[in-house]
Structure formats: C-alpha cells, structure tokens
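Visitor: Could you take me on a close look at a single part of this model, and then connect it to what lies around it? I'd be glad of numbers wherever you have them.

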Amino acid sequence: MTARLSIHVPDEAVHVCDLGTASEIVLGRDPQADVVIQHESISRRHLKLRRYDLDQWTAEDLGSKNGTRIDGQAAKPHSPLFNGMWFAAGDVYVRFEIVDPAAEQARIADQDRRRHSSMIWNSRLRHGAQAQRLIADLLRGIVDVAEARRGFLLSTDNHGDWRVRACYAIEPDELVGHAFSGSRSAVDRAIGARRPVYLSDQRDQAWLMQQASVLDAGIRALLAIPLVHDGRVVGVVYADTNEAERVYSDLDAQLLDALVGQAGNVMSALELEAGLAKVSALLNVGADGMSAEMGPAPHWTGAGLLPQRETNP
C-alpha cells in the first residue's frame, strides 16, 4: 500500500500528496524538493521521509530553522510515523496516512460526483438571466460543492460598506454583531488579500484557534472566497460546516474557483438589473431553489477591516 500526506498550509486549501513508490521523500521550500511547500516557516530542505519494508515510514529533520515536531516534541532521527499521525514542519501541519485501496476507490468516486455537481452549477450560472436567481444559484452552488452546512454572500453598497446580500440556512440576526458564530477574521482576510481563505482543521490556523465563537459552534471547516469584478472585490462568499471529517483540498479549490469564475457574470447582471451600488434587500435562499427578499440587507461588521471605499480622483 502507498502513503499520502495532507499538507495544511495556513490560509490555503489542503494539498494532498501521494508518496508513490519512492523510498525517500524530501519536503521543503526548494523547487527541487520532492514535495514543495511554499511557506515562510519552511526551510529549503526541511525534512526527509524514509520508507522501510512495505508500510514502515520514518521522519527526520534536516537541520531546518523552525524544526519538525511530532506529537508536540522535536523529531528525533528516524522518528517512526504511524497511520493517521500528525506532524508539524514549522507552522505547517501535515497528516500522514496509509492509503487503503477500498477507501481510495470510494474517494475517487466521490470526487467524480462532486466534479459533476460543479459542472451542473456552472451551467446554471452561465445560462442564468435574472439577478436574484443568479445570486441564489451562486450561493447554493458554493455551499453544495463545498458540502457546507450554511453560508452567506456579502456585497458592497454605494458607500462602500459591506452588506449581507443573501443567506442560506442561517438567520439574519445570527450575522449581526457578536451573534455570528463563524469567523469574521476569515472574511476580513479574504477581502484584504483578495484571495480565498480555507480552514480544514483548527490546528492549522493559529489565528482562528483563539476565536471562541468558532470553537463553541463546533466549526471544523470553513471558507471565504472574494468575488472580484473589474479589478475590485465586490463580494465575498462564506460557508462553513461542523462535519468532523471535512477537509478542503486542492480539488475543492479548483471546483470552487470554477464557480467563482462565473461570479463576474453574476455581478454584471446585478449592475445591469438593479445596480450593485443600490443593493438593499436581503435574499433568503432555500434548499429547494426558491428565494425570497426579507427586507433591508443588514450591515456587516468585520473583525477589524475597515469598509472598502472608493476614492475620488
């Protein structure tokens, strides 16, 4: 049987790497490493994995600056790795597992099913016409492909302030002030960095571990994806789940990027039909595909990021 690494780089989707038949694997920031991990806490040649017999693996730190830790302790030469074990290279957490052939077949079948689901949602977005339906399909599509429990979509008003434009399986009053049990920091980071933010396990995001709301709600995985139109962030989609085994991988990022790639069409339709700057109604999106306006769109208060505002030349 082969082995696999699930590499949790902060802010990113989990990178899944099958180790194949090699007897030695070097992990590091060096482009020539067998497994390249691009993170500032990783040394160019950080650690080495060795295979003995069929399924016996060990880990050895290669004198890295930030070290390798197994079960919280500094890795010793030829430290054994067992199925399901976690180790940390710098600030990057890695899960080691032996691949079970039956489980691998089930994983491949699930990936095919989710690719098909993503294709269907992409088709609906491409051929949608009415703005309200486009927003509903975008939010439902992302929640569905991400296999999340709930989600919402933010957009900016004519003052550059963020408002909750649509919500799915979450009540508006749950998004106001300290009542929100998700991560405002993830939304802020997605807006500020203009790139998606993923969390698949609390241990791989130290800045989220400190948030009582996330831990108290039992959230195990979340995402915040910015919607960019004409070079500016005009929206953000957030989704989370309390499913313990949910991991957002590179495949998830690819499928969700394809959906977000249609977001420009959604935003264009909004501007044509109602004017994005004049959005005022909150859209409640149902699992049955129906949606209804619920009154004024509530303001969104981030965890520290100021509202995005246009400046006059």
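Guide: Let's start with helix 3, residues 184-193, which is mostly covered: seven of its ten residues are buried. Those seven are Arg-184, Ser-185, Ala-186, Val-187, Asp-188, Ala-190 and Ile-191, so the list holds charged side chains as well as aliphatic ones. Directly after the helix, Arg-194 has a positive phi of about 55 degrees. Please keep in mind that this is a predicted model. The mean pLDDT of the protein chain is 79, with 79% of its residues at 70 or more.

From there, let's move to strand 12, which covers residues 150-156 and includes Arg-150. With a relative accessibility of 4%, Arg-150 falls under the 20% limit and therefore counts as buried. Its side chain has a polar partner: a polar contact of 2.9 Å joins it to the side chain of Asp-240. Beyond four places in sequence, the contacts of Arg-150 include Val-143, Tyr-168, Ala-169, Ile-170 and Glu-174. Also among them are Phe-180, Ser-181, Gly-182 and Ile-219, along with Tyr-238, Ala-239 and Asp-240 itself.

Gly-151 is in strand 12 too. At 1% relative accessible area, Gly-151 is under the 20% limit, so it is buried as well. Its C-alpha atom is 4.1 Å from that of Ala-239, although 88 residues separate the two along the chain. Leaving out residues up to four places away in sequence, Gly-151 touches Leu-139, Val-143, Cys-167, Tyr-168, Ile-170, Tyr-238 and Ala-239. Several of these names have come up before: Val-143, Tyr-168, Ile-170, Tyr-238 and Ala-239 are in contact with Arg-150 and with Gly-151.

Now for the rings. The whole structure contains four aromatic pairs. In one of them, Phe-152 and Trp-300 have ring centres 5.1 Å apart and planes at 40 degrees, which makes the pair tilted because that angle is neither under 30 nor over 60 degrees. Phe-152 belongs to strand 12, while Trp-300 sits in the segment after strand 18 (291-296), so this pair ties together parts 148 residues apart in sequence. Both residues are buried. Ring pairs also bring in Tyr-238, giving a cluster of Phe-152, Tyr-238 and Trp-300. Tyr-238 is thus a name to remember, as it is also in contact with Arg-150 and with Gly-151.

Elsewhere in the chain there is an open sheet of six strands, in the order 2-1-11-10-7-8, with antiparallel pairing. Strand 2 (15-18) and strand 8 (73-74) are at its edges with a single partner strand each, so one side of each has no neighbour in the sheet. Within the sheet, strand 7 (residues 68-70) pairs with strand 10 (residues 86-89) over three antiparallel bridges, and Phe-87 in strand 10 is the bridge partner of Ile-70.

Finally, the wider setting. The protein chain has seven helices and 18 strands, and 52% of its 313 residues are buried. Counting contacts between residues at least 6 apart in sequence, 58% join residues at least 24 apart. The accessible surface is about 14800 Å², and carbon and sulfur atoms account for 50% of that. Two stretches have pLDDT under 50 throughout: residues 204-210, with 20 contacts beyond four places in sequence, and residues 305-313, with 16 such contacts.

Key: Residues numbered from 1 in each chain as written. Predicted model: local features only at pLDDT ≥ 70, side-chain atom pairs only at ≥ 80, totals over all residues. Heavy atoms only, no water. pLDDT = per-residue confidence, 0-100. Contact = heavy atoms within 4.5 Å. Pairing = 2+ DSSP bridges. Helix = DSSP H or I, 4+ residues; strand = E, 2+ residues; numbered from the N terminus. Buried < 20%, exposed > 50% of the residue type's maximum accessible area, 1.4 Å probe, protein only. Polar contact = N/O pair within 3.5 Å; in protein donor to acceptor, adjacent residues only side chain to side chain. Areas by Shrake-Rupley, 256 points an atom, 1.4 Å probe, with all protein chains shown as cover. Phe/Tyr/Trp six-rings, centres within 6.5 Å; stacked < 30°, edge-to-face > 60°.
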